[in-house]
Amino acid sequence: MKIETIAIHAGNHTDATSKAVVQPIVMATTFERDADGGFASGYQYSRSANPNRTSLENVLTRLENGVEAAAFSSGNAAGMSVFQSLEPGTHIIAPDDMYHGLRNQLKQLFAGILEFDFIDVNDSAVLKNHIKPNTRVIWIETPSNPLLKITDIKKVVTIARQHNIKVVCDNTFATPVCQQPLALGADLVMHSSTKYFGGHSDLMGGALITAEKSDWWEKIRNVQTMGGAVPSPMDCYYLVRSIKTLPYRVKGHVHNALLLADFLEKHPAVESVMYPGLPSHPQYDIVKAQMSHPGAMMSFTLKGGEDEAKRVINALKVFTQATSLGGVESLIEHRASVEGPDTKTPFNLLRVSVGLEHIDDLIADLEQAMA
């Protein structure tokens with residue numbers, strides 16, 4: 001099936017009793033045992049499994065062409081489950097432009113438990129020099145947040161395979177509509193399903209999808225089940241519903257982003273534009289090779305410095321100044337302020353999540369704000 005068909009059908013289950021075309025929400029926390037004490041239905045307790053979560057995990061698996069998925073209550077919970085599944089003393093290599101929430105997890109929650117280095121994973125020499133005997137995971141994020149760096153997934157996977165290291169790819173910015181990391185050799189894909197999967201800025205979730213069932217995957221599953229950081233049946237229901245329109249929403253986001261990036265690149269007040277869909281992007285060749293669409297996230301810097309960036313962001317009328325991304329509404333934020341004192345993000349940078357408003361209105365809003 002094509003991805004548009006998968007998105008609509010892989011997460012739905014016609015109710016056997018009522019024949020409802022849309023799967024009902026099962027709010028029960030516990031399920032009746034059989035006469036022999038077993039659970040023929042496959043459900044025992046909602047922390048372990050729930051019909052709505054089963055449907056969500058099924059569509060996530062199919063979208064990423066994996067073999068199994070695990071749904072979590074947030075993207076951070078999904079990422080943390082990977083870290084929690086590793087033996088103490090394990091070394092992780094992560095990108096220097098890593099989402100600050102997961103970077104802070106490593107630095108603040110796993111310091112002294114895990115070892116980690118934040119490097120330019122695209123530099124093969126640097127990557128090879130940081131591999132240690134206890135390196136078990138190379139974490140990549142492509143496109144990256146907020147500098148929109150692109151990682152050559154196949155190149156990293158080739159190096160990782162030589163040392164029996166697993167590759168985990170945060171695919172949140174791209175979505176499976178734009179990029180398929182498992183098909184490029186990654187072992188595990190992570191998503192904050194709060195973003196494009198949810199698509200309406202009204203629910204929270206996270207997900208992991210694996211290329212194979214392994215002892216490591218079972219450890220991650222155990223973290224999910226025993227830790228209990230799982231989405232509610234209601235959240236699973238709404239995620240499945242939103243995913244049905246994911247392919248078409250993403251294509252609309254990308255359409256707007258391409259036009260907006262072109263406008264910004266030509267504007268005299270703009271210093272630089274970081275967007276994978278522009279031929280001026282330093283890794284545009286990699287984008288063309290591994291992405292079917294360049295996504296709808298971008299950042300740009302202004303010539304007037306931090307003061308000008310904050311003036312512009314406060315002058316906008318259509319864009320909403322807010323954290324997060326992937327919703328139908330366009331969001332913009334001064335990213336360095338969000339990331340804290342150790343940020344490496346330029347202070348004149350604004351990160352944009354391009355929404356589904358009419359592109360003329362988005363351009364007009366930025367034009368008046370920068371005038």
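Which helices do the buried residues of H9 pack against? The legends below start there.

**View 1. Helix H9 and its packing partners.** This is a predicted model, in which local features need pLDDT of at least 70 and side-chain atom pairs count only at pLDDT 80 or more, while totals for chains, interfaces and linings use all residues. Residues are numbered from 1 along each chain as its sequence is written, and side-chain values use heavy atoms, with hydrogens and water left out. H9 covers residues 233–243, and its buried residues are Pro-233, Cys-236, Leu-239, Val-240, Ser-242 and Ile-243. They pack against helix H1 (3–9), helix H2 (51–63) and helix H10 (246–266). Helices (H or I, at least four residues) and strands (E, at least two) are DSSP runs, numbered from the N terminus. Buried means under 20% relative accessible area, exposed over 50%, and partly exposed in between (1.4 Å probe, protein chains only). Contact means heavy atoms within 4.5 Å.

**View 2. The seven-stranded sheet with helix H8.** The strands of this open sheet follow the order S1-S7-S6-S5-S4-S2-S3, with mixed pairing. At the edges sit S1 (68–72) and S3 (115–119), each pairing on one side only; two strands pair if DSSP finds at least two bridges between them. On average, neighbouring strands are turned by 20° against each other, direction ignored. Helix H8 (residues 215–227) packs on the sheet and touches S1, S4, S5, S6 (188–191) and S7 (206–210). The direction of H8 makes about 25° with that of S1. Axes here are lines fitted to C-alpha atoms, for helices over the stretch in contact, and angles run from 0 to 180 degrees between N-to-C directions.

**View 3. Strand S4, its partner S5, and Arg-136.** S4 and S5 (residues 166–170) run parallel, joined by five bridges. Val-137 has Lys-166 of S5 as its bridge partner. Arg-136 belongs to S4 (residues 135–141) and counts as partly exposed because its relative accessibility is 41%. Skipping neighbours within four places in sequence, Arg-136 is in contact with Thr-90, His-91, Ile-165 and Lys-166. Its side chain also reaches the backbone oxygen of Pro-133 at 2.9 Å.

**View 4. Cysteines without a disulfide.** The structure holds zero disulfides, a disulfide being a pair of cysteine sulfur atoms within 2.5 Å. For Cys-169, the nearest cysteine sulfur is that of Cys-178, 12 Å away. Cys-169 counts as buried because its relative accessibility is 0%. Cys-236, back in H9, is also buried, at 0% relative accessibility.

Technical notes
Polar contact = N/O pair within 3.5 Å; in protein donor to acceptor, adjacent residues only side chain to side chain.
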